[in-house]
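Dear colleague,

Please find below the structure that I am handing over to you. A short account of what was found in it follows.

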Amino acid sequence: MLDDMLSADENDLIEYPIFSRYLYLPLPQRSSWRERCDIVAVSDGLVLYGRIVFMENSINHMTDYHLYNPITHQCVALPPPFLCFRFVSTGFLTQIEGGTLKNYKVVRFGCQLWEWHNLEFEIFCSETGSWRRVVVHSDQAIQIAWLRMPFSFSGMLHWIDRWLGIVACDPCRDSNQCRIIGLPSDIDKQCNNYKNNGLYSLCNVHQGRLRYFEVSLAPSDPFGFSGFSLWVLDDYDSATWSLLHRTKVTDIFFDDILTSQGLTGSCPAPLAFHPFDGNIVCLSLGAYIVTYNVKTLKLEAHGNPVATEYFYDSTGWLSWYAQVPPRLAFLYVLPPWPVSSPKYLSMGKKEDGV
């Protein structure tokens, strides 16, 4: 974070209450404008983040991984990885026993722009304190939608493939195979194709079961999309899905904020399933965090709009989300632009935001 924000004392927090609403991560020192920090993953409340170095040939190399506990404020730096991937999708696995962190693993997956049979991973294990390279073979060619981060289920990491469905893999156990779990046959395949890369679909665990939510795309529609659909995986082994909900965009109730801001013609992107209410899905729409209720069909904005001018780009301002009972917390990374005073941020639009 900015130097003056890191040096804020208790008087600053009282005078500028905005500071008390933010979690400040101890970031590594930047040595070049080609670097930025980003949140990679969250598991059991622990935050994994690192530094991205923009290299030549469009390669973005993630270095300086850190593991942060927002409750105890403990931060652990991982040794730098050895492999450099053009596109990397990082998974994070933790093992908690009796409220104590026993071990954790960071899994870096080198994604390819084309189909690939040999999947290359780099894995850090807290028990060994080092990285190792693992290659997993797939009988079917894999092409990961790398904008959608992997999720953990049954001790395995799961990625979304652009055409095959879900790729389940456990490279930590030296397994040389991965499993393909087909998605529902009637999904909108545009959501995960090369152009959208999973931006308009969400597959994750909700109360012990896998769910798949999608925003059906319709570029020619005045709304930008044609509706929402939600499925649940009934049987993990047989890959049997059931449709829980489907609605047309003309049946969705946009609240007054979204209507007044002219966002009824924007296409929302799903972010997370509400951890406790199975009827609610969280999405981003314009600069707002919104929720969609499958029972009331209402799309509702929450809090003030996020001031996207503070972030690196307008499409990647939301870094990650964490399920922190009893609320859903969203994590952002502010750019390290020079700021002369904490009062600069106090005049922004974030004062009442999350």
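**Strand 19 and its surroundings**

In this predicted model, strand 19 (residues 280-285) is largely enclosed by the rest of the structure, because 6 of its 6 residues are buried. Buried here means under 20% relative accessible area. Ile-280, Cys-282 and Ser-284 point one way from strand 19, while Val-281, Leu-283 and Leu-285 point the other way.

Strand 19 has pairing partners in strand 18 and strand 20. With strand 18 (residues 269-273), the pairing is antiparallel over 4 bridges, and Ala-269 has Ser-284 as its bridge partner. A hairpin of 6 joining residues leads from strand 18 to strand 19. With strand 20 (residues 288-293), strand 19 pairs in the antiparallel sense over 6 bridges; here Leu-283 is bridged to Val-290. The hairpin between strand 19 and strand 20 has 2 residues between the strands, and Gly-286 in the turn has a positive phi of about 65 degrees.

Elsewhere, an open sheet of 4 strands follows the order 13-14-15-16 with antiparallel pairing. Its edge strands, strand 13 (201-206) and strand 16 (240-248), each pair on one side only. On average, neighbouring strands of this sheet are turned by 20 degrees against each other, direction ignored. Strand 14 (residues 209-217) and strand 15 (residues 225-235) are paired over 7 bridges, and Leu-217 has Phe-225 in strand 15 as its bridge partner.

As for the whole protein chain, there are 4 helices and 23 strands. Of its 354 residues, 51% count as buried.

With kind regards

Definitions and conventions. Residues are numbered from 1 along each chain as its sequence is written. This is a predicted model: local features need pLDDT of at least 70, side-chain atom pairs count only at pLDDT 80 or more; totals for chains, interfaces and linings use all residues. Side-chain values use heavy atoms; hydrogens and water are left out. Buried means under 20% relative accessible area, exposed over 50%, partly exposed in between (1.4 Å probe, protein chains only). Two strands pair if DSSP finds at least two bridges between them. Axes are lines fitted to C-alpha atoms, for helices over the stretch in contact, and angles run from 0 to 180 degrees between N-to-C directions.
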